[in-house]
Structure formats: C-alpha cells, structure tokens
Amino acid sequence: MGSLKRTYSNRLRTVRGALAALLWGMTFFSAGTSRAAVVCDAEALCSAGVDPCTISNTHQVQQGCLLDFGDRSVTLQGTLEAEDSGGSFSLLAREIILKGTLRSKGLVDDSGGDIAVGVSEQFSMQTGSSPTVNVNGQGQGGTFSVFAGSIHLGAGTLNADGSSQAGDGGVITLIAGGSIVVNSTILATSGADATGGQVIIDGSDVDLLKRITVSGGSGGGGSLDIESSDDIDLSSGIVLRSNADSFDDTGGIGGDFILAAGGDIQLDGEIRSMGGGPDGGGGTIELFADGSIFVGGVLQSESNGLEADGGLVVIDAGEDITIDNNILVEGSNLAVGGDISLTAIGSIAVEPNRNLRANGGLSGGAIEMTSIGALDLQGNLEARGTNAGSGGLIALGDHCSVTLAGTIDARGSGVGDGGFVSVTAGSIVVSPAASVQATPCGTADCVALATNTGIVVIDPSALLDPLAIVSVIPQLRPCCGNGTLNFGETCDDSNQLSCDGCTRQCEIESVPPCPGDGNECTNDCSPVGGCVYQPLSGLPCLDDGDTCTADLCEAGICAHTAVNCDDGVSCTIDQCVSGSGCESIPDDALCNDGNQCTTDTCDAVLDCQASALPDGTQCDDNSLCSIQDACASGVCVQVGNGLNCDDGDPCTVDTCNSAVGCLNLPDPGLCPCDVGGQPLPSGTPCADADPCTTGDTCDGAGTCTGGVAISCDDFDACTADFCLAGICQHVDDQCIANCAGQPDGTPCSDQQVCTQGVCVGNVCVSAPVSCESGQQCVGEEFCVEPLLGCRSSFPEPGDPTCGADAVKTYKAKRQSGAAKFEKQDLTLTDEFESVVITAVRQESVGNPVAIEGGPIGDPDTHFTCYKARNAPGQPKFEKQTVSVFNELGFLTAQLSKLREVCVPSHFDVSAGALQRDSYKCYKARLLAATPPFAKFDWNLSDAFETKDTTFLKLEHVCTPADVEGGGILDPQSLLTCYKVRDVSGQAKFPGLDLSVSNYLGGFGTQDLNASKPRSVCLPATFVN
C-alpha cells in the first residue's frame, strides 16, 4: 500500500471545486425523507452509477421535487405519481423510455398536476407496452411538458382532460431539437361548460400518426399548435379534432389549428374544428409552410347549429399548394358562410371532384386564391347563398396563368343576389368543362376576367352565367421564366433575371444591356434590378505596384490597403516584406494544447501538431479519485483501481468526487426502520436526515433516531472545525495572522488547512501538515485545500492488513488407519456466553478463497472445524437475534444452537504464524425483516480447485471465540456461512489427503481426507 501513496502538498484544490462538491452533497440531502414511501431523489429510485436505470413498481414523488438522473438512460416500467392531488414533479436524464405511467391527477375539485421531463437525447413511449401520461383533473386538466433531443411516442396515451362540467382541458407541450413522431393518442378535452385544452408540438420534423383531440364544451374548442423547422406529415386516417359542444343552449366556437413548417406539409389525415349548436361557429385552421403544402384529407371548419357561421381556413405556402380533398367552411341556414384563403409563391392546383365550399344560408362566404405561378382549377369552388341569401365572393388572382376546368358557383337563392367572381392573371384559359355562375346578377361585373392583354381564351362549350366582363390590366405578369414563349413575351430563358440577354420581364435585352460608366468598381447591370451601377467591394482593381498592399474595390472605389498576411495557421508569425511579400515563420512556443501527455510543435502547413509522450510517463489528471496517473496513447489516465470509497456501511451511498475524494452519504431509503409496515427491532441501524451524525438506530417503533455527532476536530488550535453535508470543514482563522512583536513559536493562522503556521522572526512561517495516521487499516491519506484538510479513503479489498478472507470448507473425515479423534472439552467465550463445550469429531476443513478472481490476503491460514455441543451441566444457549453486514448486504438472523467450532490450522505442517481467530458457529435462519435469500452463482478459487459455485441458503453465523483464554484478535469480525454446491457440468472434486495441524485445544496433528465442498463463509461485521 505504501507504494501507492500520493503526495498532495503541491496539488492544492480550489475553493470552487470543494464548494461545488459540498453543494452536491447538500442537494443530495435536500430531498424530503419524512415518509419512507415518498421519493424526492433520483438515487432513491436508481442507485448512483447504475446506467441504464430501470424503475419498477409504484413510487410517489414529493411535491415540487426534481428527479435528476444526470447523464443516464432511464426506463420507467412502473409508475411515478405525485404524492399530492394535482402535485408537480420533474425528471431529468440523458434518455427516458416510458413503458409504464407518469401520473398527477387532480382529485375532487383539484386541477391536474404539472409533470415536466427534460432529456438531452430521446424521450420515447415504447411499443409492446401500455405507456400512459395522466394529468387529468376533476377541475381543469394539468400540464405535461417534454423538452428533448428527439421525441418518439410509439404507443399509449397522453391525457390532460378537465373532467368536471366547468373544467378546461390542460396543456401538453412536446418540444425537441430533433424529430418528433406521435403515434400515441393525445387528449386535452374539457367539460360541457368549459374550453378545450392546448397541445404544442415543436420539432425539426413532425410525423403525426395518431389522433389528437382538444375538443371543448360551450367555452369553445382548444388549440393545436404544431411547428417544425422541416416537414410536417399527418398520416391517412388520422384526425386532429378541436370541436366544441353546447351547454344551456349556448354553443362553443370550434378551436384553433396552426401548422407551421420550415419544409413541406403533407396532410393525408383530417382536421376538424366544428362549432356547437345552436350558435357556435366553425373555428380556424391555418397552414403555413416554407415549402409545398399537400392537402389530401378533409379540412372542416363548420358548425352543428342552425345559427352558426362557417369558420376560416388559411393556407400559405412558400412553394406549391395542391388540394386533393374537400375544404368545408359552410354556414348554417340562418348564418353566413366562412372564408377560405390560399396563397402560394409557386402554383396552386385543385384536383378534379374536390370541393371548396363556403356556402351560407344568409350569405355565401369568400374564397380567395393568389399565387406567383399558375392556378389549375379542376375541382369546384362554392360560395352560394342557400336560404334566400346572396352569393359570396370568389376572387382568383393575381396569377401568372389560370386554367378553369371545374365549377365556380357564387349564386344567390330566393331574393338574394348573386355574388362576385373575379379572375386576374397574365393569361386565362376557360376549358369546355368549366362552369362559372353568379346569378342573379345585380350589377354588370358579377363575373370579371382580366389579363395583361385583355385576351381570354374561352371554349364555346364552357358555361359563363352571366357572361364575363373582360378587361386589361397591363401590370399583370405573364408566366415569365417558365421556358415557354407565352403571349406578350419576346423571349423566355427559364428565369426571371436580367443581364443575360433576356430581361426579368421576358424582353430581349440590348448589347450590352447597360451603357458602361467607365468605373471598374461598379456593377452596371444587376440580374434583379437591371441598370443599377451598383458599387462593388472585394473585387480586384488596378495594381499600384506595391507588394504589401491589396488592390481591391471598396464601395465603388479602387482602394490600396495593407495586405493581410494571415495564413490561417495559428502558430506562425506572419508579416509582409517589401519586394518579396508575405512570409510566415513557425514558432513552437505558440502551440500548447494543455495536454500533459503530448509534445507540441508548429507545422507551417498543418498548424500545431501534438505528439504523444511515451506510455507510462507520469502525469496528473487533477482528480482526487485516482491514485496513480500515467500517459497512455497521449491521454492522462488513471492507473490501477483509484480510491476505494466503499465504507462497508449498508446505509450509505459511496461515491468519489474529483475535488473532494470519498463521499459516504447516508440514505434513509437504504436502511428504513420498517419493512412492509412492520417496525424493525430497536437498535437496528438506519439513516436519519442529518448526514453529520453517525450510529443512527431504529427506536423499535419505526422511527430512526440520530446517533452521535461526527467529530471534526483536526487537533489544530488555529482552525474552526465543523460538519457540513456529512463532510468535515476547517477554517484557519482562529489564531493571529500578524506575527509582528510575537515570540518565536507562537501559533499563527496562514489561511491554509494543509499547513500549520508558527511565528518566526515576526513572520508567519508555514509548514506542511502530515496526514499519515500510522494506522494499518486505512486507504490513501492526503490533504485538500482550502476547507477540507486531511482526507482518506478505505483500504483495497483483500488488503492483508485489513479484514479477513472468505473461507470455503470441504467435508472431512480421518484417513483409513489414522488415529481416532479423542473428544475434548474446551472453555469458549464469545459475544454471547462463556461455556464449556465438547469437540466431538472433525467435520470439515477450510481454505481461504478468492471470489470472482479477487485477491487472497493470507493464503497460509486454513481452518479445521469440529462438530461440538455444550458439555454436560452447561446452561442451554438462549436464542439470539443479530444484525450483520457482509458482501451480500444487510441481514437479520436468529441464532438457535451451537453447531461447530472452527480453529485456524496449517495443512501439511506449513510454517508461519496463524493470524485468524477461532470461531464458534451457530445454526442460523433469516428473519422476516430480511428479504428472502435468492440463489446465485460465483466463481471461487482456493488451494484445491477453481469452480463455479451455487450459493443455496444461509447455514451458520460464526462469532470470534476465546479458546482456553487465548484471546480474540477482532471481536467484530464474524463469518456468515452459506450451504453451496458445484454448478452442474464441472468435474467432481476427487478428494484429497491432508495432514492438519493446529495449536489450540491440544488437538495436535490429524490425518484427514477432504471430500466434497460443504459451505462458503463470508466475512461479516455486527451492525447493531
């Protein structure tokens, strides 16, 4: 262990690092622990360091708590629910996979709760399970929010309903930097006299594969806001619904939909925003895309009432719009039709047999379409007055061209006049199947067609009633740039740019297109602006002959500025030399990558280059958690196991912090005072809420009672010592700081805890403190500035100066022809009694054993175990209950009667001292307070064999025993012995003859034969 010692006197830690670790510790203990069934800390659900985490069963989360799993993946198979009705809690992780339930319901009159999830990678609800999020409220619905790298809802349901009559729907927010896939049902509905909820979805790409409903009552439908920096896809058969219902003869207005995409919108499903009767009108549906929009499903914004107006549908695309299904915004018989507005930077197409209807009983509504490109109308547009009402407005323009092959109907009925139809474009073609009607026409221009030439091509078979009024609007643009010479064009080179022989208005240009102005630093002709004579910057101009000047245009003037010699290589010194120009000189001193394990040099082309130092070169990774550091492939890495922070206490969470070292913080959840509602016995170890006490025990009534305060005295009179978050702190400010006039040897405060100050010649002189305790059974010892002082870890497992080896025993009997064992009486004193026992016969022999390839501390000390019973006349053993801790964890067992005595022994007359106690072994059984023993396999290696071994059950607990006044080396070192057998398929142990010698009890040397494995005894300690 001495070879691994590390000196930290020249590695003082900063206060920021120490305080950060302390804040971490205080956060650990800020979790509420008043009720064992309620969690408020991620480690209560998944121990620190476990990645991935899997959470099963049902857990209540304390109000307002943050479950921070750090950079770990979490799978929730069970349920996390708010402790209180309508409570709130949050989760943070690298990834969360929801297979179970997140729940915070509002009961009685409470609103649903608030659940927030934040993950750096993906939040998913997995198929093959029934994941559920429920923030329903008997009042209004609650809120569920996800902020993630990506979101994939593959199954299940998200609920934020308001359940009472006046309960509004809640809010569901899904925001991701990456893609969002929704294949889970989303519901945020309301009660009969309330308003639907709100769903917000915002990602780089959004696919909607399941229905979303935000319907409401008489307060109106809710809202659905979907945004994507790329595409939005709504699959076929899927319905987005924000309908409204009625209450007390009042109908709600349909809800609001906004879908905004940075790419395309592909709608194959349906969007419905229906109002409630009798007077609730249709809602609003708005689609915005920088790319194209395809409508393959029904858009419906109408009402179920008799007195309700139609709603509003707005479609705005940066490229093309294609309508391949019906858009319905009709008003009822006693109301007005709604509005449909289509705007495209590209073209608009309405496919055959598709209907856009804005009819209304009192008056038709309005249908408007505008595009930069062409309008191809194969379907039907209706804005009729259907119940003695007047026709509405259908306005198609401006467009570069319009082809009419469907029906345009703006007729009135009864006493109502016809409406108005206007079409404006660079060119208009009316095909034979077209029908345009706006009767009865009360004015002369019920049907108005306008082009830039006044020429409209109308097939004689087409129906226009009344006949169209055709007019000339010269500024209407033809389809310039489509590569086809349309009417009014003299050229068309497939673009709308000038300066290439054909102007942006598709007219032949002169040569040159613009007269020159004689200035090399102006652009005479602009493809967009024409003859603009635009000042230029950055282009070469007339050379002035100086190698150290750059001759470039600047805002229309030829300027001669100092040349920039920067070669883009960070480690060269760049300069311009008159006559020769730029030169760059490499300088190694300008390269430093901050890596101790590399040598840095400058390459004039490749910039700084780092070469790895030889592997094994010493370095420092600036972490207290490592013991030795060395370079490996150019990286400073930990060599060996690092600090051992396992304190052997089942009630603590053991971690290592790079700035502090070992943190052994008690966790009340690890050592409760009741199991299944049954209090554990008084004196059972536990952990209270104060990390600055030790020896906490249960009071027998289910409550943990604090033990004694941790002692932080560093025996330095100049420091103030105290405990904070379970860690001792020291502030060096208790002595004088100014030594002027003070006798030599006067203690002084130098503001450092890793040094001690003393006055010498009127100056406070510092000397390093030594943290070497001189104890054998201790790990690394070092000092940490500025607050922590001397710190230490725990010894490595298998350190021969600490603890004890596990022991594997084999059934044994005397060899054929060997002397028979003579019974012997011995006085044994242990934890419970002092009695005379009778050793009856040899029963087994034992070897120190390595577990799963681990070390063996003392390979020379073996055991011989003898069947034993109390000598005649001795008192009967009173049953005892013990709590112990071993490598398998915490257990409580009842000891019933003496079973055997095990004595340290040599095999085959080996030399050397025996450094183990003798043991008195009692038959033992686990009590109900301890979880049932579960069989498991370990690989074991001892002097006889290496085998995979199955542990079957607890058999004995052995206490160290004083035999005939020989004393006890370690009163706390127990053995817990488990019945074992070989895992099937391995070679059978063949048996072995041994000569066994031990010096206790006068047993002498015995010739024995070891046969099959019998038990494995694990070192253990008392914990009560």
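**Charge pairs, charged patches and strand pairing in a predicted model**

D230 is partly exposed, with 35% relative accessible area. In this predicted model, D230 lies in the loop between β22 (223-228) and β23 (232-234). D230 belongs to a patch of negative charge on the surface. The other members of this patch are D264, D290, E319 and D320.

A patch of positive charge was also found on the surface. Its members are K811, K813, R841, K897, K923, K953, K979, K988 and K1012. One of them, K923, sits in strand β81 (residues 918-926). K923 has a relative accessibility of 46% and is therefore partly exposed, above the 20% limit for burial and below the 50% limit for exposure. D937 is likewise partly exposed, at 46%. This residue is placed in strand β82 (residues 936-941). Its C-alpha atom is 9.2 Å from that of L952, a residue 15 positions away along the chain.

Opposite charges were examined next. Side chains of opposite charge can pair when their charged atoms come close. The search of the whole structure returned 18 salt bridges. One of these joins R94 to D71, with 3.7 Å between the closest N and O atoms. The two residues are 23 residues apart and link distant parts of the chain. R94 is in the loop between β7 (88-93) and β8 (95-98). D71 is in the loop between β4 (65-68) and β5 (73-76). The partners fall into opposite classes of accessibility: R94 is buried, at 19%, whereas D71 is exposed, at 58%. R94 counts as buried because its value is under 20%.

A salt bridge also connects R357 and E382, where the closest N and O atoms are 3.6 Å apart. Here 25 residues separate the partners along the chain. R357 belongs to strand β38 (residues 355-357), and E382 to strand β41 (residues 380-382). R357 is partly exposed, with 27% relative accessibility. E382 is buried, with 14%.

The salt bridge of K808 and E945 has an N to O distance of 3.0 Å. It spans 137 residues of the chain. K808 is in strand β75 (residues 806-814), while E945 is in the loop between β82 and β83 (946-963). Both partners are buried: K808 has a relative accessible area of 1%, and E945 one of 11%. Beyond such pairs, R357, E382, R384, D409 and R411 form one network through salt bridges that share partners.

Strand pairing was then traced in two regions. Strands of a sheet pair through backbone hydrogen bonds, either parallel or antiparallel. Strands β70, β71 and β72 make up an open sheet in that order, with antiparallel pairing. Its edge strands, β70 (747-748) and β72 (763-768), each pair on one side only. Strand β71 (residues 755-760) is joined to β72 by six bridges. Within this pairing, G757 has S766 of β72 as its bridge partner.

The second region is a hairpin formed by β79 and β80, with two residues between the strands. Strand β79 covers residues 880-886, and strand β80 covers residues 889-907. Seven bridges pair them in the antiparallel sense. V882 has A893 in β80 as its bridge partner. Strand β79 is mostly covered, with five of its seven residues buried.

Technical notes. Residues numbered from 1 in each chain as written. Predicted model: local features only at pLDDT ≥ 70, side-chain atom pairs only at ≥ 80, totals over all residues. Heavy atoms only, no water. Buried < 20%, exposed > 50% of the residue type's maximum accessible area, 1.4 Å probe, protein only. Helix = DSSP H or I, 4+ residues; strand = E, 2+ residues; numbered from the N terminus. Pairing = 2+ DSSP bridges. Patch = residues over 30% accessible without salt bridge, like charges linked within 9 Å, V, L, I, M, F, W, Y side chains within 5 Å. Areas by Shrake-Rupley, 256 points an atom, 1.4 Å probe, with all protein chains shown as cover. Salt bridge = Lys/Arg side-chain N within 4 Å of Asp/Glu carboxyl O. Lys, Arg positive; Asp, Glu negative; His and termini not counted. Charge placed at Lys NZ, Arg CZ, Asp CG, Glu CD.
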